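Good morning, and thank you for coming. I should like to take you through one protein, a part at a time. Please keep the picture in view while I speak.

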Amino acid sequence: TADTPSWQPVREGTGNTDVLKNLGVGVAVGPSSTYSTGYGGSADNFVNFTPGEKGYVGFSVVLADGNDTVAYGWVEVTFQNNDIPGVIHSWAFENTGEPLAVAAIPEPTQNVLLALALAAMAMRRRRS
């Protein structure tokens, strides 16, 4: 709905002040994960993360694809103390609505693979 934020992190509960989960490698992020239902947060949201060390935040996001597809993904981050901005190291999401394992990189779609194959064939013909 219009009053629900599109991007939501995985939390320990459904409240917007509930703690963010620091997910382990291989944990699936998907429809069975717990997300908040509103905006906001607090300084206590990050107690599961050690300042200066990498961790993983799972998320869901509603895509603007005309179908309101819910995509699932993860972000590898390092949070800091004292409201110092953190660092995003890497991230991925699965745009099919399927769950995605933390630290997994989604496979390219068939269209991407077909485009790469066609490009490779075109380059090969130019060299001949």
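A residue is called buried when its relative accessible area is under 20%, exposed when it is over 50%, and partly exposed in between. With that cut-off, β3 is mostly covered, since seven of its nine residues are buried. Please bear in mind throughout that this is a predicted model.

Let me give the overall plan. The protein contains one helix and six strands. Along the sequence, the pattern reads β-β-β-β-β-β-α. Of the 128 residues in the protein, 30% are buried.

I turn now to the way the strands are joined. How many bridges join β3 to β4? There are nine, and these two strands run antiparallel. Two of the pairings can be followed by name: Y56 has E76 in β4 as its bridge partner, and K54 has T78 in β4 as its partner. On another side of the account, β1 is joined to β3 by three bridges, again with the strands antiparallel. Within that pairing, P9 has F59 in β3 as its bridge partner.

β4 also has a pairing with β5: seven bridges join them, and they run antiparallel. Here T78 stands opposite V87 in β5. You have already met T78 as the bridge partner of K54.

How covered is β4 itself? Eight of its nine residues are buried, so that under the cut-off of 20% this strand is mostly covered. One residue of β4 to look at is V77. With a relative accessible area of 7%, V77 is buried because that value is under 20%. The C-alpha atoms of V77 and N22 are separated by 9.8 Å, although the two residues are 55 apart along the chain.

Let us next consider charge. Side chains of opposite charge can pair when their charged atoms come close. A salt bridge is counted here when a side-chain nitrogen of Lys or Arg lies within 4 Å of a carboxyl oxygen of Asp or Glu. By this rule the count is one salt bridge. Which residue forms a salt bridge with E76? The partner is K54, with the closest N and O atoms 3.9 Å apart. Because E76 lies in strand β4 and K54 in strand β3, the pair ties together parts that are 22 residues apart in sequence. The two partners have contrasting surroundings: E76 counts as buried at 13% relative accessibility, whereas K54 counts as exposed at 52%.

R11 offers a useful contrast. This residue lies in the loop between β1 (7-9) and β2 (28-29). R11 is buried, yet it has no salt bridge. Why is there none, given the rule of 4 Å? The nearest side chain of opposite charge, that of D18, is 6.8 Å away, and therefore lies outside the 4 Å limit. The side chain of R11 does, however, reach the backbone oxygen of D18, at 2.7 Å. For R11, then, the relevant part of D18 in that contact is the backbone oxygen.

I come to the loops that follow β3 and β4. D68 is found in the loop between β3 (54-62) and β4 (70-78). Most residues other than glycine have a negative phi. D68 is not a glycine, yet its phi is positive, at about 55°. D68 is also exposed, with a relative accessible area of 57%.

The loop between β4 and β5 holds Q80. Is Q80 buried, exposed or partly exposed? At 34% relative accessibility, Q80 counts as partly exposed. In space, Q80 and G52 are 5.5 Å apart, C-alpha to C-alpha, while in sequence they are 28 residues apart.

Finally, please look at the surface. Which residues make the nonpolar surface patch of about 340 Å²? They are I88, W91 and F93. F93 has its place in strand β5 (residues 87-94), and F93 is partly exposed, with a relative accessible area of 33%.

To close, I would ask you to take away two points. β4 is joined to β3 by nine bridges and to β5 by seven. The salt bridge between E76 and K54 links β4 with β3 as well. Thank you for your attention.

Key
Residues numbered from 1 in each chain as written. Predicted model: local features only at pLDDT ≥ 70, side-chain atom pairs only at ≥ 80, totals over all residues. Heavy atoms only, no water. Helix = DSSP H or I, 4+ residues; strand = E, 2+ residues; numbered from the N terminus. Buried < 20%, exposed > 50% of the residue type's maximum accessible area, 1.4 Å probe, protein only. Patch = residues over 30% accessible without salt bridge, like charges linked within 9 Å, V, L, I, M, F, W, Y side chains within 5 Å. Areas by Shrake-Rupley, 256 points an atom, 1.4 Å probe, with all protein chains shown as cover. Lys, Arg positive; Asp, Glu negative; His and termini not counted. Polar contact = N/O pair within 3.5 Å; in protein donor to acceptor, adjacent residues only side chain to side chain. Pairing = 2+ DSSP bridges.
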